[in-house]
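Good morning, everyone, and thank you for making time for this. I would like to talk about salt bridges today, and I will go slowly, one pair after another.

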Amino acid sequence: MVNPWKSGAIAVCAVLAAQTAAARDLTIAGWGGNYQDAQRAAYFQPFADAKGVKFTEATYLGGLAEVKTMADTGDATWDLVIVEGADLQVGCDEGLFEEIDWDSIPAKDQLVPEAIQPCGAGNVVIGTGLAYNSETVGEKPQNWQDFFNTQKWPGKRGMRAGPKYNLEFALIADGVSPDQVYEVLATPEGVERAFAKLDTIKKDIQFWEAGAQPIEWLAANNVVMTVSYNARISAAQKEGKPFVFVWTNPLYSIDAWAVPANAPNKDLAMEFIAFASTAEPQAKFSQLMPYGPTNTQVAGMLPPEVLANIPAGENVKDGFFFSDPFWTDNNDALSERWNNWVTR
Amino acid sequence: MSGTRHNLAAKATLLILPLVMYAALYLLPLISIGSLSVDNGELSDRFSRLSAHFGTDAPVDDAAAVALLADLQGMDSRDRAEAGRMFNQEKQGFRSLLIDTGKAAGDIPPTLDGLTAFDPRWGEPSWWEVLERNVEPVTWRHVQKATGIKPDGQGGFGIAPGDDIYLRILVRTFVIAGQVTLLTLLLGYPLAYAVANGTPRVRAVVLMAVLLSFWTSILVRTTAWVVLLQTNGLLNGLLIRLGIIAEPLQLIFNRFGTVVAMTHVLLPFAILPMMNVMRTIPAAQTDASRSLGAGPVETFLRVYFPQTLRGAAVGGGTVFILALGFYVTPALTGGPGDQMLSYYIADFVKKGLNWGMASVLSLMLLASVILMLLIGLLVRRLAGWRRQGV
């Protein structure tokens, strides 16, 4: 019992789109800002030059809406997209991404085990933590307790929109040890506890959607401190901004390259994934944008001042790994609770 | 003779063809998206046996277990994952339960005890209730979640505390749109008057300013307000330099910033209709009123102002309806408490992948606009009758 209206509308869209779909350039979607600038220099351009092909870029802001539409209409407008782990898992289970033939990827043995996924190649290790502007903050915040201390540090705090990350940080600020966070959060009491902690700073929270926003807010002194991605802070430091990223209990996660189902340049996209998994471009990327590599050979290729800023080794010894399985199961319920909390 | 008439009819058909096409192109996607709010074909097709089982009001028994396992075996793993995600919107943990059960469906003894032995959750009624509610071809789960109105278990309907979240956001959306409409009319009226009745130079300057902002991208104008209003922004800098305040004021990421930026973005939509109406009012009327002894205030209130109300109604109505659907401006200048319904619609489409909810929320917004228009029509009707009665 297929909905005739829906299939009609999809058919019309597909016919209109099919005319433009034929023989286009390799299309790569990334997270924008200096993250994507670094990817262009380290991956897109060298790969395109070596293969003698052209590429175009698109911007992606998370979620599976675009990829799901591509799968439903049969018109994949992207050939590659860099996604978060939880979206990769859901998309792979539902057939929204192509499966990766790992036997055809020579660098496979050099990758960390978490990078090898059925539909994705983990490429970038991202640290998420507390950051501030050392010129305007006054006394330096040290940890998540300080982030929730509005007495000592009055003013707005930047946080990522939605429950992900924020519930975790709230629990740590409330005294939960990082390796227990998801155990506690899996219980109703744990959820209550996280929201109760967030209540204490609720009127001071400002939410960001894109990773570039909190950087601008810190520079303009719109927020006193913020949750941010580590490399965005490092990139701002290189531009002379007096920003500091606090490596106390950071959260780290892996972004992976995936190929939307039925992408017209699928074979080329798979070759790109093989290239992006090798050590040399990953080392170049980490130098431009200090996120961590997934290729284990890279660490030896990086100068110490770069290693000091990436989510690896000493920096993540008291950190915790973002739980994709937890959020795949709990995102709907916790988002609903979150929206309800935000609007109250 | 009849040939000419035929020809005329053909011509008339040709003339309305664009209208028909427009209506079709406008209505088809609307209906298609709207149907997502109650359409549950994706689940009822996949769980046809279970749907048939519960259709006869049968209890959760071994037959239900047989139907569930047979349905799960009839799907490929992608369909199971998608179905699991949809059930997960109702009860957390359902996705992995369904995927795991589906993988092992062939090996599980087809009884309720067999299922419970595989995963004890199948022994709890709450998981079966989710299945029972959501395998019908039509579902009310999105409507219930959006309006908060649910069966209260005693045969009636009620809204549990906290479930009215989207109604509260709808009210907030209307309040913000109302505030913006009021402000655009108050600010726009004198400007429109200046364009319609000022000297040519005033007219040119004001009109240019209005049109320039009208032609500028909404994103640019919103970002400009962020630059003006932020903590170290131009306005706070000016106020501190003048010694009026010592500490910067919080002018952005709150309701104030949202309303200011939205008012500026929408101002031209209020000014242009009012200006056009004012231009059609002959200056001779004002002169006549003055020569008959009315003062300037009385002339304005009794002769000029009532004639401009039509423009204010068109301008205000346009601003109000446009403001209801605003997304970018509140997202950039508002705080968490200033996001409007469109923000949540986008959130459900992009992050939640829950298009049913997005569809219901859009329909809620559309229905409330239609309701407003009907009320407006009714008021005009009543006002018209009263005038005729006098």
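What follows is a walk through three of the salt bridges in this structure, which is a predicted model.

Counted over all chains, the structure holds 31 salt bridges. Let me begin in chain A, where A:Asp37 forms a salt bridge with A:Arg40, with 3.2 Å between the closest N and O atoms. Both residues belong to helix H2 of chain A, residues 33–51, and they sit three residues apart, which is about one turn of the helix. A:Asp37 has a relative accessibility of 40% and so counts as partly exposed, and A:Arg40, at 29%, is partly exposed as well.

Now to the second pair, in which A:Glu66 forms a salt bridge with B:Lys350, the closest N and O atoms being 2.9 Å apart. Because A:Glu66 lies in helix H3 of chain A and B:Lys350 in helix H18 of chain B, this pair joins two chains. A:Glu66 is partly exposed at 21% relative accessibility, and B:Lys350 is partly exposed at 25%.

The third pair is in chain B, where the side chains of B:Glu82 and B:Arg85 meet in a salt bridge at 3.8 Å, N to O. Both lie in helix H5 of chain B, residues 77–88, again three residues apart, about one turn of the helix. Are these two buried or exposed? B:Glu82 has a relative accessible area of 7%, and since buried means under 20%, B:Glu82 is buried; B:Arg85, at 8%, counts as buried too. Salt bridges that share partners join this pair with A:Lys68, A:Asp72, A:Glu94, B:Arg46 and B:Asp79 into one network.

Technical notes
Residues are numbered from 1 along each chain as its sequence is written. Chains are lettered from A and ligands numbered from 1 in the order in which they are written. This is a predicted model: local features need pLDDT of at least 70, side-chain atom pairs count only at pLDDT 80 or more; totals for chains, interfaces and linings use all residues. Side-chain values use heavy atoms; hydrogens and water are left out. A salt bridge is a side-chain nitrogen of Lys or Arg within 4 Å of a carboxyl oxygen of Asp or Glu. Helices (H or I, at least four residues) and strands (E, at least two) are DSSP runs, numbered from the N terminus. Buried means under 20% relative accessible area, exposed over 50%, partly exposed in between (1.4 Å probe, protein chains only).
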